[in-house]
Amino acid sequence: MTFVYRGDFLMLQLATVLVPVISLLVWRAAVAAGADLPVDQSYLDSYFLAVSVVSMATASWTAPFLSTSIRNGELSRSLLRPASPHLDGYANNLGEKVVKLALLVPIIVVVVLVLPETPRVVGDPRHWALAVVAVVVAAVIAHCFEIACASLAFWFSDVNGFLVALELIKGVLSGAVVPLVLMPPALATALSWQPFRFFVSFPIEVATGQVAGGVAFGFAQQLGWLLVVGGLSVLLWRTGLRRYAASGA
Amino acid sequence: MSATRRGTLARHLRTWRAVLVQAVRRDAQFRAQAWTTGLVALARIVVGVIPVLVLGARTPEIGGWTARQLIAVAGCYQLVQSLLEVFVAPNLLRLSGYVRTGELDGVLIRPVDPQWFCTFRWVQPAALTGTLAGVALVVVGLGDSHPTPGGVAQAVLALLCGTVLLAAVWTNAAYLAFWFSSADFVHDLVLEAFTAGRYPVSLFPTAVRTLMIFVVPVGVASTYPVQALTRGPSAGQVVIMVGLGVVAVLVTRLHWRLAVRRYASASS
């Protein structure tokens, strides 16, 4: 289906790259104006080029679809099947990411070529390989998080407003909008512990070799959040399912 | 203006007043949804202004702009953006559905101009919270400057022209629905491109600056008003924005006529 709407998907990927490129240009201007930053321009270049790929790879669209199917009773059909009702969500996310990546990478290459000053990418290949692991764990956490949020539809009739608000907050706290390292120093500790950091910021920190608190500690934190969010999603889904009262349930 | 033209204009204004009243009543009836729309619009502004605040905190002056002026530019952007969200977005987001399902047939047979109807039929008054927040940001950002009356007049003109220009760009993009079977994500692309307007155009390389004035004119909507308020009026900018506004409206009208010719309705 993604191939049928390839033009549409290309536009979506262009949109994904646009904001980081705008941010990159603005922060380059800030560096040129002598801004007092804890990182150099090569870090910013690497961050903003990587952020669209990492955000895409770790994003999941499951919550709105799943919550709608809980509300209108479509979930009943998936529950009857001899497989997990989430299988469709996993497959959809994986397949879509492969196609999106194939569209996104050429766009980023074009961006690198047309940028007025060729970006310098930091970090050694081992760091980038480790970052792939962080991205995979982040994608799993993000997907569990979506299932947990969608499960709230078992208790509340409309969770869409909540999901939109959450999406906005996630954008800021994950580092997708502004690198967390540029946020005010007073917030550094709080920002480094909150779960959304491990959705986007952490994999890029690993890639650039600048993880606050060290790589091993960062991975321990990420795995900790995986257990918490994963556990929460299982708990909410199972308790919610017992309350499910759509026709046919 | 001939009597028939005046009559047509009056009829359209009456219709618009009717849809506005209906929209306010709808919001008053579905209060939870109206609250959600209003709060989401506010949350969007708070989140949107964070990068600007972080930038201002890290750089006292950038490209001739102080940290507070950056907030004013972001405020103008949010103001225009939320006006689009109130008056234009609910219509453009429905357009591809009209074309795909053939619902446009019902619009074409009405005794009003179909393009006007497709652009202004739906209003979302609850999203005006975003407009108020935008105004608040402009006031906070410009608290210490003393604009001249000419500057204020030009700023208002720039905001008006900016709104018309961005609405025109978005509308033309939405008309892609007539040419392609699916173009829903074009909205994402246009809205993301608009976000460049959060920052003054002078922060960008020359090529991008030109794009931000002449192609996706977010600079007219956000940088021009603050420039007029802080640095006084400029005849050159008035010529550019009024000229661009006229061209944009004419192009949009022409595009609609060509697009409707391609429309293969549901019933024919």
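**Figure 1. Chain A of the predicted model is built from 10 helices and zero strands.** Read from its beginning to its end, the chain follows the pattern α-α-α-α-α-α-α-α-α-α. Its C-alpha atoms occupy a box of roughly 65 × 40 × 35 Å along the principal axes. The radius of gyration is 19 Å, which agrees with the value near 18 Å for a compact globule of 249 residues. Buried residues account for 39% of the 249 residues in chain A. Among contacts in chain A with a separation of 6 or more, 81% join residues 24 or more positions apart.

**Figure 2. Chain B combines 13 helices with two strands.** The radius of gyration of chain B is 19 Å, close to the 18 Å that the globule rule gives for 268 residues, so the chain is as compact as a globular protein of that length. A box of roughly 60 × 45 × 40 Å, taken along the principal axes, holds the C-alpha atoms of chain B. Of its 268 residues, 43% are buried. Residues 24 or more positions apart provide 82% of the contacts in chain B with a separation of 6 or more.

**Figure 3. The contact between the chains takes 31 residues from chain A and 32 residues from chain B.** On the side of chain A that touches chain B, helices α1 and α7 (160-173) each supply at least two residues. Helix α1(A) gives the most to this side, with 14 residues. By residue class, the side of chain A that touches chain B consists of 25 nonpolar, four polar and two charged residues.

**Figure 4. The largest nonpolar core contains 142 residues.** The members that touch the most other members are A:A138, A:I141, B:C76, B:L165, B:L166 and B:A221. Helix α1 (residues 6-32) of chain A contributes the largest share of this core, 14 residues. Leaving aside residues up to four places away in sequence, B:A221 touches B:C76, B:Y77, B:V80, B:L159, B:G162, B:T163, B:L165, B:L166 and B:G197.

**Figure 5. Helix α7 (residues 128-141) of chain B has 14 residues.** From its first C-alpha to its last, α7(B) reaches 20 Å, close to the 20 Å expected at 1.5 Å a residue. Its buried residues are B:T129, B:G130, B:A133, B:G134, B:L137, B:V138 and B:G141. These buried residues pack against α2 (31-58) and α3 (67-87) of chain B.

**Figure 6. Helix α13 (residues 235-262) of chain B comprises 28 residues.** At 1.5 Å a residue, α13(B) should span 40 Å, and the distance of 41 Å between its end C-alpha atoms agrees with this. Within α13(B), the residues B:Q237, B:M241, B:G245, B:A248, B:T252 and B:W256 are buried. The elements covering the buried residues of α13(B) include α6 (114-120), α8 (149-174) and α12 (218-231) of chain B.

**Figure 7. Segments of chain B carry the UniProt feature "transmembrane region".** The unreviewed UniProt entry places this feature at residues 34-57, 122-143, 155-181 and 238-256 of chain B. In the model, residues 34-57 of chain B are 100% helix and 0% strand, with end C-alpha atoms 34 Å apart. Residues 238-256 of chain B are likewise 100% helix and 0% strand, and the end C-alpha atoms of this span lie 27 Å apart.

Technical notes:
Residues are numbered from 1 along each chain as its sequence is written. Chains are lettered from A and ligands numbered from 1 in the order in which they are written. This is a predicted model: local features need pLDDT of at least 70, side-chain atom pairs count only at pLDDT 80 or more; totals for chains, interfaces and linings use all residues. Helices (H or I, at least four residues) and strands (E, at least two) are DSSP runs, numbered from the N terminus. The radius of gyration is taken over C-alpha atoms; the globule rule is 2.2 Å times the number of residues to the power 0.38. A residue is buried if 20 or more other C-beta atoms lie within 10 Å of its own, exposed if 12 or fewer, and partly exposed in between; C-beta atoms are placed from the backbone. Two residues are in contact if their C-beta atoms, placed from the backbone, lie within 7 Å. A nonpolar core is a set of buried Ala, Val, Leu, Ile, Met, Phe, Trp, Tyr and Cys residues joined through C-beta atoms within 7 Å. The expected span of a helix is 1.5 Å times one less than its number of residues. UniProt positions are given in the numbering used here, feature names are shortened, and annotations may be inferred rather than shown by experiment. Ala, Val, Leu, Ile, Met, Phe, Trp, Tyr, Cys and Pro count as nonpolar, Asp, Glu, Lys and Arg as charged, and the others, Gly among them, as polar.
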